[in-house]
Amino acid sequence: MRDEQTLGDEEVRKKIREIIALHVKLDVQDLSGNQSLEDQGIDSLSLVEIIFALEETFDIAVPYNTGDPDLDRIYTSSLAVFVTAIEGFVAEQSPTI
Amino acid sequence: MRRVVITGQGAITALGHNAHQTLEGLREGICGVGELTFQDNERLSVKIGAQVKGFDPADHFNRQEVALYDPFTQFALLAGKEAVTASGIDFEGALAERAGVILGTAGGGLQTQDQSYRAVYAEGKNRVHPFTVPRLMNNAAASHLSMRHGIRGPVYSVSSACASANHAMGQAFHMIRGGSCDAVLTGGSDSMLCFGGIKAWEGLKVLSTEACRPFCATRSGMVQGEGAAVFVFEDYEHATARGADMLAEVVGFSMTSDAADIVLPAQDGAERAMRAALRDARLSPDDIDYLNAHGTGTRANDKSESAAINAVFGDHTRHLSVSSTKATHGHVMGGTGAVELLAVIMALRTGVIAPTIGFRQADPECAINLVANDAQEKPVRAALSNAFAFGGLNAVIALKRI
């Protein structure tokens, strides 16, 4: 099944960015890796939507509640940090993707 | 006490996506009932209902709004926007805190519950959409209306089954009359036409499988509808000062409880509610030219409501035009009193009484002056609108021409 069509790291990253872009209403290429999600207009409601979409897409569980310091950290630092964190969960929980 | 007027109306029903189309359907006696189309409908034994047709949320709301709004909220927002625009009211400044939203709903976000339960129980998924709770809560529609229009006074939802909208509008009337608000967005909204919603009702054996025929000897039960109607209720002086168009005056309201049976209606409760609404409005039975009946098309309601009308109106019963518009837009549950208030306002303003369609044969147990099948034209000075709910809750509102 999935291991037949393993996604490369590059593709996982691309997919994550696409999901975020959909919620920021920006084209993927306009997303800034240096700016935080917060600075790119993602409010807390959109953040839970993004996390849900990522969980559904990669069949992972993002283990943060709203307000967790770990979530705050990746939310308020750069987009790149957020993407890396999600990539980590994908690698840990869904190694076959 | 202050006078209360209606300065705007909006609606979305099986008859159309706005008040104008709905009124046209009511006047012409268009039947909005059709075959139910939604997932798993093949497993239903009741296959008809009055669904809102041709409605695409994406025409009205952006992606995140669609994700956040259950259909009952979407309907309320569209009807609310139409009412506010028509009224020309602006909730900016001091009015924001002197304004409220009081909205009736029986099922709240039932569609959302249905979908979420399907996902976790039937499809074996282990998570549901993060907005499940803010979508399904009964006050979602009222809250979103307050956010859209910047209304910052009393905002809440009323849930009393089929009397929800009348209870809500009665509360709005009281708040303005008593002086705690200057304007209130009020009415009701429901969208319960989904597999779980109909399945639950099938069990009670009160849904018709062919048509809604209120007060007809061959009536076979109710037909569910969906939709919303929202009105701007406003203090008369406030409306006068801003030169607003007034559609009608709300003059009385009453609520009673049968305290008898959880589903069967009692004549006494309905009777007391109509009498008390007349008293509150300082009207005598002879002043009422039109009564919009609850008229569900069930054996029990129509018989007991007819008896109650006769008891309250006596000899005037034969002059009192009565209709139930549920055969056109279906029983809109917690929104039904609001949708039906459109017919009441139309009668007061234009002298056209919306017909009770689907009527075939008089029933001696329903000895009322029914406006059957075709609209009736006659001047209407004042009118009552009945809503009676499961649980034995009765709410009657009285309106006058202005």
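**Chain B: two domains and a helix pair**

Guide: In this predicted model, 65 residues of domain 1 of chain B are in contact with 59 residues of domain 2 of chain B.

Visitor: Okay, and which elements of domain 1 of chain B give two or more residues to that side?

Guide: They are strand 1 (4–12), helix 1 (19–28), helix 7 (164–178), strand 6 (183–190) and strand 7 (227–235) of chain B. The largest share, eight residues, comes from helix 7 of chain B.

Visitor: How do the residues on that side of domain 1 of chain B divide?

Guide: Into 34 nonpolar, 26 polar and five charged.

Visitor: Back up a bit, where are the two domains of chain B?

Guide: Domain 1 covers 4–241 and domain 2 covers 250–400. Their C-alpha centres lie 21 Å apart.

Visitor: New topic! At what angle do helix 3 and helix 6 of chain B cross?

Guide: Roughly 40°, and the axes of helix 3 (residues 71–87) and helix 6 (residues 140–149) of chain B come within 9 Å. Angles from 35 to 65 degrees count as oblique, so helix 3 of chain B is oblique to helix 6 of chain B.

Visitor: Is that crossing left-handed or right-handed?

Guide: The crossing of helix 3 and helix 6 of chain B is right-handed.

Visitor: And which residues meet there, between helix 3 and helix 6 of chain B?

Guide: From helix 3 of chain B, you'll find B:Phe72, B:Thr73, B:Ala76, B:Leu77, B:Gly80 and B:Val84. They meet B:Ala140, B:Ala141, B:His144, B:Leu145, B:Arg148 and B:His149 in helix 6 of chain B. By class, this contact has seven nonpolar, four polar and one charged residues.

Note on methods: Residues are numbered from 1 along each chain as its sequence is written. Chains are lettered from A and ligands numbered from 1 in the order in which they are written. This is a predicted model: local features need pLDDT of at least 70, side-chain atom pairs count only at pLDDT 80 or more; totals for chains, interfaces and linings use all residues. Domain bounds come from an automatic or database domain assignment. Two residues are in contact if their C-beta atoms, placed from the backbone, lie within 7 Å. Helices (H or I, at least four residues) and strands (E, at least two) are DSSP runs, numbered from the N terminus. Ala, Val, Leu, Ile, Met, Phe, Trp, Tyr, Cys and Pro count as nonpolar, Asp, Glu, Lys and Arg as charged, and the others, Gly among them, as polar. Axes are lines fitted to C-alpha atoms, for helices over the stretch in contact, and angles run from 0 to 180 degrees between N-to-C directions. Angles under 35 degrees count as roughly parallel, over 145 as roughly antiparallel, 65 to 115 as roughly perpendicular and the rest as oblique. A crossing is left-handed if the near helix is turned anticlockwise from the far one by less than a right angle, and right-handed if clockwise.
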